[in-house]
Amino acid sequence: MPPDRRFGEEGARLSYGGYLRLPELLAQQEPESSAPDELLFITVHQVYELWFKLLLHELESAREAMSAGELWKARHLFKRVHAVERVLVGQVDVLETMTPQDFLEFRAKLAPASGFQSVQFRELEFLSGAKDPRYLQRVRNAGEDELARLRRRLEEPTLWDAYLTALSQRGLPISDEEIMGSLLAVARDRGAHDDLWQLAEDLLTHDETCAMWRMRHVQMVERQIGTKSGTGGSTGAPYLRERTRLHYFPCCGN
């Protein structure tokens, strides 16, 4: 019998560009000006949104794995999350190849658009534990589907909630009065609870890498626009600097 030729290049059933929807994807970079660096600005931020989409997918899966007691699976997923978050930090280096003068060539075209309006980024914060219902009143031009997603994130369990579920499944109390004792029990008996200890480290690394991204972001903004207001109406760098103190989990300082 002849070999199966339905797949691969000979089968011509699926191409690289078709699978990745490249014509549609590459048509999404439409500058508002003739400034050379606007394509860089658009591309980096669109890539951020793609990474945000993947992070939401992976963190949702990690949350469900923790709730189901599959701590090994949650740890595997967090390794991927941490790797992606390090890429997010590194992407700031690409943006910083644009000088303040280059940015000023098209910055006025951006108003009132702002990274503050990134719904996926707020979803990541809500899922991670930093829920802020006030954001629903602040976000501009969000569609009903986006607002519905944010409301759902406000109502659903966070990563910390899932970790508490994992603790309770091990017989450790999780009330506000007893949670610190349970965390100390995990730390003092690694033989019995090493998976819970390592998972707590994964949560802290998630918090830490996100904090690193916020810090690199504000440093980049200060370098690009100094003390100017943000295009979305915020105070710009001062607002972002204030956000660098944000932590997701109680054990990180909330």
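I began at glycine 69, which follows helix 4 and has a positive phi, near 80°. Helices here are DSSP runs of H or I, at least four residues, numbered from the N terminus. Helix 4 spans residues 38-67, 30 in number. I get 43 Å from its first C-alpha to its last, close to the 44 Å expected at 1.5 Å a residue; that expectation is 1.5 Å times one less than the number of residues.

A note on the source: this is a predicted model, where local features need pLDDT of at least 70, side-chain atom pairs count only at pLDDT 80 or more, and totals for chains, interfaces and linings use all residues. Residues are numbered from 1 along each chain as its sequence is written, and side-chain values use heavy atoms, without hydrogens and water.

Next I looked up arginine 21. It sits in the loop between helix 2 (16-19) and helix 3 (22-26). Its phi is positive, about 55°, although it is not a glycine. Arginine 21 is exposed (over 50% relative accessible area, 1.4 Å probe, protein chains only) because its value is 51%.

Then glutamate 156, in the loop between helix 10 (144-155) and helix 11 (159-169). I count glutamate 156 as buried (under 20%) because its relative accessibility is 10%. Beyond four places in sequence, glutamate 156 touches Arg63, Leu127 and Lys131, with contact meaning heavy atoms within 4.5 Å.

Last, methionine 66. Leaving aside neighbours within four places in sequence, its contacts include Leu71, Phe78, Tyr163 and Leu203.

Key:
Helix = DSSP H or I, 4+ residues; strand = E, 2+ residues; numbered from the N terminus.
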